[in-house]
Amino acid sequence: MKKILKLFILFFSIEMLFCCSGSKTSAATKVTVTRKEATAPVRVGTDFALRAKVTGTKEKPIRWVSRNEKYAIVSKKGIVRAKRAGIGKTVRIVAACGNAKGGITLTILPKINPKKKMIALTYDDGPRYSSTRKILRALKQEKAVATFFTVGSNTASAKNRKILKQSFDYGNEIANHTQSHKNLTRITSAEVRREIRTTDRRLQKLLGVKPTLFRPPYGAMSAVTRKISAKPNIMWSVDTLDWKTRNANSTYRCIMRNAKDGSIVLMHDIHDATANAALRMLKGLKKKGYQFVTVDELYRYKRKKLHVAGSYFCVK
Ligand code: NI
């Protein structure tokens with residue numbers, strides 16, 4: 001009899017536990033929110049898709065909530081629409097499933113006017129914590145974005161991973177620049193494949209999305225490497241030679257002299273001098289009427305297509 005009573009009490013307390021939780025979802029339920037696509041900036045006037053991944057339950061109804069509807073609203077399907085009042089501000093978007101919640105903090109950036117001048121700044125070979133952080137600060141200050149061609153092996157350090165994630169969360173585009181920066185025309189096809197795939201996997205694990213753009217180290221490519229990359233190969237039209245001069249003034253002057261509407265500018269976020277030139281350059285270009293876009297945005301706003309295995313230098 002005692003045994004039956006014990007069992008009854010046990011059963012009753014388990015029931016209580018579930019009732020108190022107020023939901024059928026277990027404590028292990030987890031919600032993770034990521035961007036749906038690799039292209040990153042959240043801009044006023046363009047819809048922005050989020051994805052919620054739910055683990056630990058079969059229940060799937062997700063409720064999306066914006067923590068500040070003055071800055072941005074979110075639809076039932078996780079589509080974010082940013083408002084003018086939110087420019088330069090951050091907004092937290094939360095997805096809830098039962099009692100479990102997950103969220104993402106987005107920075108709202110200005111609308112792009114396709115009729116005005118635009119430029120895509122690109123930074124290669126990073127991340128390197130101190131210099132990449134300085135560039136990120138300058139970009140945030142000017143509400144500008146850039147594209148970072150990342151070397152996978154540089155994501156081995158936790159600090160570098162942190163700054164890369166912050167950069168992506170802010171709205172910069174993160175692209176693939178191979179795993180160890182080898183000249184792809186001098187290694188076997190199998191090695192080329194490995195160089196690109198390892199970085200794809202690392203970035204996907206870290207950011208939740210796979211990069212869509214690729215830049216071959218040294219700009220060295222062939223029809224074979226382009227095909228293996230399975231992505232548009234992004235080159236440049238303005239070469240600052242920042243790696244050679246290591247001089248902030250030269251980098252600044254080179255860009256101010258050579259920038260054109262539709263340019264893609266090559267720089268390296270691993271050099272302090274390049275980081276030191278960032279804020280001045282952004283202010284100078286802004287004065288000349290430039291809008292700062294990612295490479296993906298440059299082609300979208302100029303209504304040009306990027307094709308897998310194609311190579312691209314600028315938009316004329
Ligand atoms: Ni490089």
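Leaving aside neighbours within four places in sequence, Ala220 is in contact with Asn183, Leu184 and Thr185, where contact means heavy atoms within 4.5 Å. You will find Ala220 in the loop between H4 and helix H5 (223-229); helices (H or I, at least four residues) and strands (E, at least two) are DSSP runs, numbered from the N terminus. From Ala220 to Leu184 the C-alpha atoms are 6.6 Å apart in space, although their positions lie 36 residues apart in sequence, counted as the separation of the two. With a relative accessibility of 13%, Ala220 counts as buried, a word that stands for under 20% relative accessible area, with exposed over 50% and partly exposed in between (1.4 Å probe, protein chains only).

A word on the model itself. It is predicted, so local features need pLDDT of at least 70 and side-chain atom pairs count only at pLDDT 80 or more, while totals for chains, interfaces and linings use all residues. Residues are numbered from 1 along each chain as its sequence is written, and side-chain values use heavy atoms, with hydrogens and water left out.

Now let us turn to the nickel ion. Its protein donors are Asp125 (OD), His177 (NE2) and His181 (NE2), at 2.0 to 2.2 Å from the ion. Donors here are N, O and S atoms within 2.8 Å of the metal (3.2 Å for Na, K and Ca); water is not among the atoms, so sites may look incomplete. Along the chain, the donors follow the spacing D-x51-H-x3-H. Asp125 sits in the loop between E9 and H2, and His181 in the loop between strand E11 (173-176) and helix H4 (189-207), so this pair links distant parts of the chain, 56 residues apart. Both Asp125 and His181 are buried.

Helix H2 is a good next stop. Spanning residues 129-141, this helix has 13 residues and reaches 18 Å from its first C-alpha to its last, close to the 18 Å expected at 1.5 Å a residue; the expected span is 1.5 Å times one less than the number of residues. The buried residues of H2 are Tyr129, Ser131, Thr132, Ile135, Leu136, Ala138 and Leu139. They pack against strand E9 (118-124), strand E10 (147-150), helix H3 (158-170) and helix H8 (272-287). Just after H2, Lys143 takes a positive phi of about 50 degrees.

Ser167, in helix H3, touches Leu136 of H2 along with Phe148, Asn172 and Ile174, not counting residues up to four places away in sequence. Ser167 is buried, with a relative accessible area of 2%.

Phe148 also brings us to the aromatic rings. Rings of Phe, Tyr and Trp (its six-membered ring) pair if their centres lie within 6.5 Å; planes under 30 degrees apart count as stacked, over 60 as edge-to-face and the rest as tilted. By this rule there are 2 aromatic pairs. Tyr123 and Phe148 are stacked, at 5.3 Å centre to centre with 20 degrees between the planes. Because Tyr123 lies in strand E9 and Phe148 in strand E10, the pair ties together parts that are 25 residues apart in sequence. The rings of Tyr299 and Tyr312 have centres 5.6 Å apart and planes at 75 degrees, so this pair is edge-to-face.
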